[in-house]
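I sat down with this model today and kept notes as I went. Here they are, in the order I looked things up.

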Protein chains: 2
Amino acid sequence: MRKDPSRATGRPTLAEVARIAGVSQITASRALRDVPTVDPGLVSKVREAAKALGYVPNPAARTLASARSQSVIVLVPALSNQLYIETLEAIHSVLRPRGYEVLIGNFHYSREEEEELIRNYLAFQPCGILLTGFDRTEASLHLLEANKVPCVHMMELTQAEDVFCVGFSQEDAGAVVARHLLARGKRRLAYVAAQLDARVLQRGEGFKRALAEAGVLDPALEIMVPEASSVGLGGELFGRLLRQHPDVDGIFFCNDDLAHGAIFEAQRQGIAVPDRIAFVGFNDLPMSAHIVPRLTSIRTPREAVGKHAAHLMLTLLAGAEVPDRTVDLEFELVVRESS
Amino acid sequence: MRKDPSRATGRPTLAEVARIAGVSQITASRALRDVPTVDPGLVSKVREAAKALGYVPNPAARTLASARSQSVIVLVPALSNQLYIETLEAIHSVLRPRGYEVLIGNFHYSREEEEELIRNYLAFQPCGILLTGFDRTEASLHLLEANKVPCVHMMELTQAEDVFCVGFSQEDAGAVVARHLLARGKRRLAYVAAQLDARVLQRGEGFKRALAEAGVLDPALEIMVPEASSVGLGGELFGRLLRQHPDVDGIFFCNDDLAHGAIFEAQRQGIAVPDRIAFVGFNDLPMSAHIVPRLTSIRTPREAVGKHAAHLMLTLLAGAEVPDRTVDLEFELVVRESS
DNA sequence: CTGAAAGCGCTTACAG
DNA sequence: CTGAAAGCGCTTACAG
């Protein structure tokens with residue numbers, strides 16, 4: 001009658017809940033999972049019994065029996081960029097209250113590491129995966145395909161069929177920055193970028209396309225390095241650019257931290273911002289509203305991306321109709337003192 | 001003979017590995033878990049079979065059978081402070097290669113939210129928990145106690161028995177800052193703090209104790225607000241302090257971001273740092289080495305805390321003897337231009 | 001050192 | 001709308 005005490009966890013089980021509620025175990029299971037076919041009277045009996053016992057479902061047993069966990073994986077390229085922290089928080093705020101566990105994987109901007117994470121995490125039988133962008137290995141794509149896990153892509157947009165994505169046009173954002181600097185009367189415009197992931201490249205393309213259209217594109221006015229973006233690197237790259245092209249009069253940095261470093265370096269060299277050189281950053285990190293001079297930047301909708309991506313995932317998990325496979329959340333140019 | 005195809009995951013199972021290796025399932029299980037009693041010849045046979053099949057253990061089944069997962073929970077008060085990101089990275093780098101899953105819980109500096117996280121995460125039957133500090137609800141303590149999960153505490157030190165902790169003395173760090181400012185000839189010294197978690201209070205205690213010992217403590221020279229620490233708040237609090245006490249000549253900020261904001265505000269007001277007022281921050285965030293003037297700060301050993309805490313957890317999980325229940329990793333005063 | 005049996009706590013699939 | 005049986009894929013506890 002009693003189970004082997006040496007094996008049990010000691011926690012109340014569904015069988016005990018069912019016994020107290022006077023129903024079968026499977027009915028208790030259905031009641032607690034809100035399966036709609038259960039008699040409302042029984043549902044409340046089961047809920048009471050569960051509450052009285054302090055019953056908490058065992059996720060391992062549930063996952064084993066159903067071959068699917070209640071975990072959603074989120075794969076981001078970095079945690080060192082505040083951007084992704086805010087996205088993750090937004091995802092958590094939507095999925096946790098609905099009973100989903102959110103597992104974070106940081107792939108450090110490495111396709112190989114992302115593939116390894118996907119391989120590992122699939123063993124946990126996640127019910128869904130949130131991915132950053134579209135640039136991944138063939139093997140990653142195969143793994144995702146073969147496991148038939150619902151995927152939502154964040155940060156970038158695509159026109160591809162059967163792909164769910166929530167983001168904004170990185171390329172358009174770059175173009176908006178270019179037009180802003182041109183409107184300020186600047187003509188010797190440079191792109192300074194690090195990390196060089198797909199989105200950084202797209203921003204640069206948009207920026208240069210707009211410059212070309214205005215007839216002021218000088219391909220030499222560009223510094224792109226694969227190292228991680230940082231404040232220190234921003235100062236360094238700014239110094240290098242200035243030595244090579246002393247006539248530069250406007251710079252678009254692929255991320256705010258580079259611009260912050262450049263502002264400090266300009267201050268040390270006594271270079272007037274924005275009068276001699278105007279600066280524009282990207283992402284609008286918290287510091288940008290306070291630095292001297294305050295930094296003009298593109299405000300990216302990262303919280304909205306997280307929220308919408310999570311809601312889209314909920315829709316997919318519910319098996320409901322998805323109104324839009326592509327959600328464009330747009331960005332905003334925040335003009336401050338630096339340009 | 002074949003299992004019900006509608007239930008199975010389609011992935012290879014331990015039973016198949018065992019069949020191919022020509023051993024029993026339990027021997028295959030032991031071989032793959034490095035149980036030392038298995039014949040080395042059989043171990044290699046099992047490993048080969050597993051590799052050939054592309055076998056990946058099912059964590060849900062393992063957890064259900066053993067009543068213990070391979071997951072280590074890490075509870076941190078915030079992700080918005082770069083400090084904890086670096087600690088988490090260090091923990092990951094130690095535990096992931098050993099096959100442990102690291103689950104991150106952010107309790108947003110709320111004891112109640114931490115309690116809720118503990119309650120939820122215990123359902124996952126973690127094999128260990130890494131906690132931040134010692135300030136938690138009675139219910140949290142009971143839950144941890146009752147579940148007999150190994151715990152390691154990070155960031156603070158205690159002399160309590162049977163408690164494992166890895167950190168440094170927050171109070172001593174505060175005292176070191178005070179002595180540094182005194183050595184610079186400053187006498188009207190203030191503590192500016194936000195968030196007000198236990199560690200922030202400890203730093204303040206150490207700072208004020210040292211000032212009292214030097215006979216220069218003015219209790220009025222202090223601003224402590226419970227809001228979240230941020231760059232913007234730092235500028236605001238600095239402005240407020242200056243209006244109330246125009247003669248202040250040195251400020252210790254409980255976190256670097258406050259000091260950054262104060263530096264910007266001082267720049268706007270034309271106040272000379274460090275000549276009129278010296279600034280010292282805490283944590284030595286990346287920006288502090290670049291801001292103008294470069295910020296003097298306490299470099300906290302957060303990566304080391306993460307690494308040591310993770311290794312301590314591995315020791316506990318292995319059931320091995322722990323040499324030191326308390327690991328003091330110390331801090332370093334990094335003197336730069338701001339003081 | 002190896003194994004057959006039982007069990008972990010759920011949900012699926014099928015019946016009624 | 002409800003339920004008895006079987007099964008998910010492992011490990012534990014016991015034997016030998």
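My entries below cover the interface, one strand and a few salt bridges.

**Entry 1: the interface**

A reminder to myself before I start: this is a predicted model. I began with the contact between the two chains and found 43 residues of chain B in contact with 43 residues of chain A. Together chain B and chain A bury about 3,800 Å², and 59% of that area is on carbon and sulfur atoms.

Next I looked for polar links across the interface and noted 14 residue pairs in polar contact. On the chain B side, helix 4 (59-66), helix 5 (82-95), strand 2 (101-106), helix 6 (111-122), helix 10 (231-244) and helix 11 (256-269) each supply at least two residues. Helix 4 of chain B gives the largest share, six residues. I sorted the residues on this side of chain B into 22 nonpolar, 13 polar and eight charged.

**Entry 2: salt bridges between the chains**

How many salt bridges are there between chain B and chain A? I count two. I looked up one of them, Glu337(B) with Arg268(A), where the closest N and O atoms are 3.7 Å apart. Glu337(B) sits in the segment after strand 12 (332-334) of chain B and Arg268(A) in helix 11 (residues 256-269) of chain A, so this pair joins two chains.

Are the two partners buried or exposed? Glu337(B) is partly exposed because its relative accessibility is 36%, and Arg268(A), at 31%, is partly exposed too.

**Entry 3: salt bridges within a chain**

Over all chains I get 38 salt bridges. In chain A, I picked Arg302(A) and Glu86(A), with closest N and O atoms 2.8 Å apart. Arg302(A) is in helix 12 (residues 302-317) and Glu86(A) in helix 5 (residues 82-95), 216 residues apart in the chain. Both of these residues are buried.

In chain B, I checked Glu156(B) with Arg199(B), also listed at 2.8 Å. Glu156(B) lies in the loop between strand 4 (151-155) and strand 5 (165-167), while Arg199(B) belongs to helix 9 (residues 198-213). Glu156(B) counts as buried at 5% relative accessibility, and Arg199(B) is buried at 6%.

**Entry 4: strand 6 of chain A**

Last, I followed strand 6 (residues 189-193) of chain A, where five of five residues are buried. Leu189(A), Tyr191(A) and Ala193(A) cover one side, with Ala190(A) and Val192(A) on the other.

Strand 6 runs parallel to strand 8 (residues 250-253), joined by four bridges, and Leu189(A) stands opposite Gly250(A) there. Strand 6 also runs parallel to strand 7 (residues 222-224), with three bridges; Tyr191(A) has Glu222(A) as its bridge partner in strand 7.

Note on methods. Residues are numbered from 1 along each chain as its sequence is written. Chains are lettered from A and ligands numbered from 1 in the order in which they are written. This is a predicted model: local features need pLDDT of at least 70, side-chain atom pairs count only at pLDDT 80 or more; totals for chains, interfaces and linings use all residues. Side-chain values use heavy atoms; hydrogens and water are left out. Contact means heavy atoms within 4.5 Å. Buried area is the accessible area (1.4 Å probe) that two parts lose on being put together, summed over both. A salt bridge is a side-chain nitrogen of Lys or Arg within 4 Å of a carboxyl oxygen of Asp or Glu. A polar contact is a pair of N or O atoms within 3.5 Å; within protein, one must be able to donate a hydrogen and the other to accept it, and residues adjacent in sequence count only if both atoms are side-chain atoms. Ala, Val, Leu, Ile, Met, Phe, Trp, Tyr, Cys and Pro count as nonpolar, Asp, Glu, Lys and Arg as charged, and the others, Gly among them, as polar. Buried means under 20% relative accessible area, exposed over 50%, partly exposed in between (1.4 Å probe, protein chains only). Two strands pair if DSSP finds at least two bridges between them.
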